[in-house]
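Hi,

Here is the structure I said I would pass on. Have a look at it first, and then read my notes underneath.

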Amino acid sequence: MVNYSYKSSLLSSSLNTTPDHLINTISSVKENKDTLMLIKALCDPTKLSVFLLLKQSQELTVNTLAEMLDLSQSTISHALSDLKKFGLVDCRTCGQLRCYYVKELSLEKNKALSIFTEIVI
């Protein structure tokens, strides 16, 4: 027979679950909400692929990205819209087209994104 009270006490003693520790953890999550949302956004394969292609290139159009990834232009536009909302990419007018590029990123964003760029690139 398993002694569940022993397992429970072992588990709680191995985790630091003091109220102060929990409050600090919750505060840390709240302070880093933007970074966590950024990471969550890049967990989407399309957005991550678009971001990494733009990071490797100077700039690309929606048509070029759609051809490279074999996705529809609307899918690419949606991904670019979200990446732009998070401040990762921007665009400029290139004749009749819009050329997208990776913006100069803050140190905080670069740190957060390093988990994606170091593994993939």
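Bear in mind that this is a predicted model. The chain has a mean pLDDT of 80, with 71% of its residues at 70 or more. The weak part to know about is residues 2-14, where pLDDT stays under 50 and the model has two contacts beyond four places in sequence. Where pLDDT is low, the predicted coordinates should not be read in detail, so please don't build anything on the fine geometry there.

Now the strands. β2 (residues 89-94) and β3 (residues 97-102) run antiparallel, joined by six bridges. Together β2 and β3 make a hairpin with two residues between them, and C94 has L97 in β3 as its bridge partner. In that turn, G95 has a positive phi of about 70°. β3 also pairs with β1 (residues 60-61), again in the antiparallel sense, this time over two bridges. There, T61 is bridged to C99 of β3. That means β3 has pairings with both β1 and β2.

One backbone angle may catch your eye when you go through the torsions. Most residues other than glycine have a negative phi. D70 is not a glycine, yet its phi is positive, about 55°. You'll find D70 in the loop between α5 (62-69) and α6 (73-85). Is D70 buried or exposed? D70 is exposed, because its relative accessible area is 70% and the cut-off for that label is over 50%.

Shout if anything is unclear.

Cheers

Methods. Residues numbered from 1 in each chain as written. Predicted model: local features only at pLDDT ≥ 70, side-chain atom pairs only at ≥ 80, totals over all residues. Heavy atoms only, no water. pLDDT = per-residue confidence, 0-100. Contact = heavy atoms within 4.5 Å. Helix = DSSP H or I, 4+ residues; strand = E, 2+ residues; numbered from the N terminus. Buried < 20%, exposed > 50% of the residue type's maximum accessible area, 1.4 Å probe, protein only. Pairing = 2+ DSSP bridges.
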